[in-house]
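Trainee: I am new to this structure. Please take me through a few of its features, one question at a time.

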Amino acid sequence: HLPYYWARMSVRHHGDRDLQYSSERLFAPRPARFRAVYRSLGPTHALEQSMPGSIEYFLTERYCLYTTDSRGELHRGNIHHLPWPLERAEAEIERNDLPTAHGIRLPDVPPLLHYARELTVYVWSLERVPLMHTRLSAAAAVATKSSLRNL
């Protein structure tokens, strides 16, 4: 039930720090392409473990995911991983159609980028969220949006 699409993707390593990444959606109602070169600024730019309240923590420390099925019922999948070993990064983005394909206009500011060499992540099977929890989850989503504005 996750909103994924088949895609033609490739990643090429150039040296120890550069990754050339490309993706093109296949069979999608809204085509999208992405091409960029990511560059880790290296271990000397490693971040300490992200702390609650930081933007890094908000963006990376997720321990469950939510989605809906064709009937609109909410499902949750639990996730387990250690904290992300983040390094600062930069990118040269050649093409990014994904936001536009969903009616999103990105601000004209440099993106905040991080890099992690590797992290093992375990995702459990999706479970239907009972209606009572759905209402609580909706309230939590509103609270999360509010806390993002305060970062």
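Mentor: Begin with a term: buried means under 20% relative accessible area, exposed over 50%, and partly exposed in between, with a 1.4 Å probe and protein chains only. This is a predicted model, where local features need pLDDT of at least 70, side-chain atom pairs count only at pLDDT 80 or more, and totals for chains, interfaces and linings use all residues. Residues are numbered from 1 along each chain as its sequence is written, and side-chain values use heavy atoms, with hydrogens and water left out.

Trainee: Is Arg33 buried, exposed or partly exposed?

Mentor: Arg33 meets Glu24 in a salt bridge of 3.3 Å, N to O; the term stands for a side-chain nitrogen of Lys or Arg within 4 Å of a carboxyl oxygen of Asp or Glu. Glu24, at 26% relative accessibility, is partly exposed. The relative accessibility of Arg33 is 35%, so Arg33 counts as partly exposed.

Trainee: How many residues apart are Glu94 and Arg35?

Mentor: The two form a salt bridge, with the closest N and O atoms 3.1 Å apart. Glu94 lies in strand β6 and Arg35 in strand β3 (strands are DSSP runs of E, at least two residues, numbered from the N terminus). Along the chain, the pair is separated by 59 residues.

Trainee: Why does Glu87 count as buried?

Mentor: Glu87 belongs to strand β6, residues 87–96. Among the residues touched by Glu87 are Leu47, His114 and Tyr115 (contact means heavy atoms within 4.5 Å). Glu87 counts as buried because its relative accessibility is 7%.

Trainee: Which element gives the most to the lining of the second largest pocket?

Mentor: A pocket is an open set of points on a 1 Å grid over the protein atoms alone, where a 1.4 Å probe fits, with protein on both sides within 12 Å along at least five of seven lines; lining residues have an atom within 4 Å of a point. The second largest pocket has a volume of about 310 Å³, the space filled by probe spheres set on the points, which are joined across faces, edges and corners. Of its 15 lining residues, those closest to the centre include Met9, Tyr21 and Phe34. The element that gives the most, with four residues, is β2.

Trainee: How many salt bridges does the structure hold?

Mentor: One of them joins Arg95 and Asp97, with the closest N and O atoms 2.9 Å apart. Others share partners and join Asp18, Arg39, Glu90 and Glu92 into one network. The number of salt bridges in the structure is 11.

Definitions and conventions
Lists of a residue's contacts leave out its neighbours within four places in sequence.
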